[in-house]
There are 2 protein chains.
Amino acid sequence: MRKSAGVAEVPQKVQGNLPKTARGEATRRAILAAAERVIGSKGYNDASIGHITSEAGVAQGTFYIYFTTKEQVFSELVLEMGRLVRHEIAEATQGYENRLDAERAGLKAFLEFVQAHPDLYRIVQEALFVDPDAYQEYYETFAAGYKSGLVAAEAAGQISEGDADTRAWALMGIAKSLGEQLVVFKSDKPIPDIVETAYSLIERGIRP
Amino acid sequence: MRKSAGVAEVPQKVQGNLPKTARGEATRRAILAAAERVIGSKGYNDASIGHITSEAGVAQGTFYIYFTTKEQVFSELVLEMGRLVRHEIAEATQGYENRLDAERAGLKAFLEFVQAHPDLYRIVQEALFVDPDAYQEYYETFAAGYKSGLVAAEAAGQISEGDADTRAWALMGIAKSLGEQLVVFKSDKPIPDIVETAYSLIERGIRP
DNA sequence: AATAAACATGAATACTGATTCATGTTTCAT
DNA sequence: ATGAAACATGAATCAGTATTCATGTTTATT
């Protein structure tokens, strides 16, 4: 149901009119940023278009120049979050040729990112109810990357044998849960300590 | 703001009128069961009182005889879920005097439970947005139990040393994530296989 | 059998909030 | 400089739905 017959279409993912001037560009960005703050703090349902536009400093109708529905801004935020997290972790694990070292660095980067962006974290969680497809894509993309890393590491003899898929989900679960403890349950445990304990478990758990 | 001054109050947690006859008892139960199905499948916001009562086969007004607000049924479902899960796991880990054996049995029981009650699983997740207090209580209660088990096992020399709190959240995260893969991402991987892989990771991760 | 308390009904209330639209204002290519 | 396209406005529309309430029915107790 993505393409209508015959006509070649834009390969973009965004719906709604994209801005065509610098002014429009700025406005769209302002709305998106406001949506992140408002939805992140109040939740999807309590975040009204009115709240978002007033936070962005524009009129209510302006919202619909750039987005077709409330749900659409939300999806866009989830996509953005995915790109950001993957980028952050890729950055942090750059240059480690040993999987286990990369694992530790990735966990640390993830926790730091989550602590710095509690809003986006909540938004992704809420996507399970607001936009299940976006939620699935987020985690499946993440899991796929994780899995292929594990497969490679196993082939290189850097970790023991074991089903990479289940391992990927288990390791993601550890990170997600520790991140949640940090931002949802407001733990004040220092990140390095958390990483030490968790990494020790992981390292023993999957080393050759 | 829980108690008004002076007067002794009921030590119960439930709000709203409790039924006083068998008939009322049955009606209340029917509404609760309907709420579980409807909220579990449509999500909190799309599940209207009308949907719930019609699913329960009663009039809309009847809802307010037993519950004060829509949020209240929801909270009650979350509480029920917590009791059920803890009971299930306590049952399953009964009789193992070794923590590691108990760990494996608990993981298996959890995954089986989640697969059998996908609705309740989603409800607990949604609680983060609908009723954060209930959500926190759910996980903190769970984590506290987990942690004390780990502390005891460590004292008994059944597992290696390590911060029990962080370990508890990490292990909970593994279970939660694998459960999610099962019911949200509809994986068809057999539970015993999942348990084998995950347990192997955990066992190596925390054994003495 | 009679009466009060419980229980049940469903239409009416009351409000919220997403989306539309007719009307202006600004930007930009020519 | 000027007209068309972009952009912006905010009041009005429109629908959904949580909660209330006046009225009726059932149950338990005497």
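Good morning. I begin with a backbone contact: a backbone N or O atom of A:Thr21 lies 3.0 Å from a phosphate oxygen of DNA strand D. A polar contact here is a pair of N or O atoms within 3.5 Å; within protein, one must be able to donate a hydrogen and the other to accept it, and residues adjacent in sequence count only if both atoms are side-chain atoms.

A word on conventions. This is a predicted model, in which local features need pLDDT of at least 70 and side-chain atom pairs count only at pLDDT 80 or more, while totals for chains, interfaces and linings use all residues. Residues are numbered from 1 along each chain as its sequence is written, chains are lettered from A and ligands numbered from 1 in the order in which they are written, and side-chain values use heavy atoms, with hydrogens and water left out.

Let me stay with DNA strand D. A second backbone N or O atom, that of A:Ala59, is placed 2.8 Å from a phosphate oxygen of DNA strand D. On the base side, an N or O atom in the side chain of B:Gln60 is 3.3 Å from a base oxygen of DNA strand D. Two elements of chain A, α1 (22-42) and α3 (63-66), give two or more residues to the surface near DNA strand D; helices (H or I, at least four residues) and strands (E, at least two) are DSSP runs, numbered from the N terminus. Of these elements, α1(A) gives the most, with three residues.

In total, 20 residues surround DNA strand D, and the closest are A:Lys20, A:Thr27, A:Ala59, A:Tyr66 and B:Ile49. A residue is near a molecule or strand if one of its heavy atoms lies within 4 Å of it. Sugar or phosphate accounts for 75% of the atoms of DNA strand D within 4 Å of the protein, and bases for the rest. By class, this surface has seven nonpolar, nine polar and four charged residues, where Ala, Val, Leu, Ile, Met, Phe, Trp, Tyr, Cys and Pro count as nonpolar, Asp, Glu, Lys and Arg as charged, and the others, Gly among them, as polar.

I turn to DNA strand C. Which residues are closest to DNA strand C? They are A:Ile49, B:Lys20, B:Thr27, B:Ala59 and B:Tyr66, out of 21 residues that surround the strand. Backbone N or O atoms again lie by phosphate oxygens of DNA strand C: that of A:Ile49 at 2.7 Å, that of B:Thr21 at 3.0 Å and that of B:Ala59 at 2.8 Å. Here the elements giving two or more residues are α1 (22-42) and α3 (63-66) of chain B, and the largest share, three residues, comes from α1(B). The residues of this surface divide into eight nonpolar, nine polar and four charged.

Next, the relation between the protein chains. A turn of 180 degrees and a shift of 0.0 Å along the axis lay chain A on chain B with an RMSD of 0.1 Å. The two copies are thus related as by a two-fold rotation axis. The superposition is by least squares on the C-alpha atoms of residues with pLDDT of at least 70 in both copies.

How do the copies meet? The contact (heavy atoms within 4.5 Å) takes 37 residues from chain A and 37 residues from chain B. Because 100% of the interface residues of chain A are also interface residues in chain B, the copies meet through the same surface. Between them, chain A and chain B bury about 3,500 Å², 64% of it on carbon and sulfur atoms; buried area is the accessible area (1.4 Å probe) that two parts lose on being put together, summed over both. A:Phe129, A:Phe185 and A:Leu201 supply 20% of the area that chain A buries against chain B, more than any other three residues.

The rule finds six salt bridges across this interface, a salt bridge being a side-chain nitrogen of Lys or Arg within 4 Å of a carboxyl oxygen of Asp or Glu. In one of them, B:Lys176 pairs with A:Glu180, the closest N and O atoms being 3.2 Å apart. The side of chain A that touches chain B draws at least two residues from each of α6 (118-130), α7 (132-155), α8 (164-183) and α9 (191-206) of chain A. Its largest share, 13 residues, comes from α8(A).

Finally, chain A itself. Its secondary structure comes to nine helices and zero strands. A salt bridge joins the side chains of A:Glu76 and A:Arg28 (2.8 Å, N to O). A:Glu76 lies in helix α4 (residues 70-93) and A:Arg28 in helix α1 of chain A, so the pair ties together parts that are 48 residues apart in sequence. Thank you.
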